[in-house]
Amino acid sequence: MSSNELPLDGVLVVALEQAVAAPVASCRLVDAGARVIKLERDSGDFARSYDTAANGQSAYFAWSNRGKESLVVDIKNPNDVALIKRILRKGDVFLQNLAVGAAARVGLGSDELRKEFPHLITCDISGYGEEGRYAQMKAYDLLIQAESGLISISGGPGELGRVGVSVVDTATGISAALAINEALVRKFKTGLGTSIKLSLFDVMGEWMSVPLIHHEDKGHGPERIGLAHPSITPYGGFSTSDGHVIVISVQNDHEWASFANEVLNRPDLVSNPNYVDNAARMSRREAVDGLVQDFFGKRTRKEMCELLLSARIAFGELNNMADFARHMQLRRWEIESETGVVSIPAHPDSNRKSRNLRLPRIGEHSEAIRAEFEN
């Protein structure tokens, strides 16, 4: 592979996708070099109309659809289904996240497709899986946050609230991309495709392993304690004299000794049996957090950051979106679109370079794709 090649150059993906989870998955494949043909109804993926924040386009759509080709199809039209199958004959991956059974009813079910095209990798994303009482229930990010118990352990005491980003959809999309890449490795070795089936609920269920284990051990899940850590202290947010919040993480007793000696200037706390280890500190959490807050509250943000850096204590400033937007570590990609340039955070792999990707208009590539796969 040359230095300009990407790992999935030459891979063809057909994505019958909408909303967030499946588009995030296929976007990761685009970033790795795959050609993704996005199948849309004539009104387009409904995520296109979520908002107009991205230079007149939906922020969700702009984030997860760069570099794709848009083909408008009517999956209830046998001629368009035949077109899709002609593409799949030459394709590597078919990804879909319609309601359970919807693809199968028009002849695009994964079992049928893999019988017809043994080389094909199929990836079906559902809400709760394809069996059981929940299979036909609609499933959106917030609903799965609720059903999985994620909301019950997030945030602080008081009113419940969702996690502030579409964490379920994103987790599922990344999980699907990983599974597809694994299947591609198998295909390159054997020539055979694979059936992948993921659900939003299963993905978030796996992510909830630690709080579930704690619940089954103690009879209750972690309490909602805001910025604090449920089982380590001092680990949380503390306010400085000039109104900033700094989040610190003292994860072990060696770090506690550094923190007590070099930040608090309280060497007596290192050997004091009330503070000597995390178990002791947790039993006196209110006192520990109180003395830390008292120290922070008498010093400015700048003073505290310098002390924490010098002592090599892990910390981060509690930023708002304006702070994040101008963060010195934030890398960006500029994506072209029909309404102009959209600036988005870059791919998390800092070695991955933008390839002049753009957002497709609805059906922008329909004519060319239909001509390419006419026979």
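**Aromatic rings and their partners**

Tyr60 is partly exposed, with a relative accessibility of 29%. This value, like the others here, comes from a predicted model. Tyr50 is likewise partly exposed, and its relative accessible area is 39%. These two tyrosines do not stand alone: ring pairs join Tyr50 and Tyr60 with Phe46 in a cluster.

In total, the structure contains seven aromatic pairs. In one of them, the ring centres of Tyr50 and Tyr60 are 5.5 Å apart and the ring planes meet at 85 degrees, so the arrangement is edge-to-face; the cut-off for that label is an angle over 60 degrees. It also helps to see where the partners sit along the chain. Tyr60 belongs to helix H2 (59–64), while Tyr50 is found in the loop that runs between strand S2 (35–40) and this helix, so the pair ties together parts 10 residues apart in sequence.

Tyr128 and Tyr134 make up another aromatic pair, with 4.9 Å from centre to centre. Their planes are 50 degrees apart and the pair is tilted, because this label covers angles that are neither under 30 degrees nor over 60. How buried or exposed are the partners, Tyr128 and Tyr134? Tyr128 has a relative accessible area of 11% and is buried, since the limit for that class is under 20%. Tyr134, in contrast, is partly exposed at 28%.

A ring can also have a charged group as its neighbour. Here, the ring of Phe295 has the charged end of Arg299 sitting over it, 3.6 Å from the ring centre.

Definitions and conventions:
Residues are numbered from 1 along each chain as its sequence is written. This is a predicted model: local features need pLDDT of at least 70, side-chain atom pairs count only at pLDDT 80 or more; totals for chains, interfaces and linings use all residues. Side-chain values use heavy atoms; hydrogens and water are left out. Rings of Phe, Tyr and Trp (its six-membered ring) pair if their centres lie within 6.5 Å; planes under 30 degrees apart count as stacked, over 60 as edge-to-face and the rest as tilted. Helices (H or I, at least four residues) and strands (E, at least two) are DSSP runs, numbered from the N terminus. Buried means under 20% relative accessible area, exposed over 50%, partly exposed in between (1.4 Å probe, protein chains only). A charge sits over a ring if NZ of Lys or CZ of Arg is within 6 Å of the ring centre and within 35 degrees of the ring normal.
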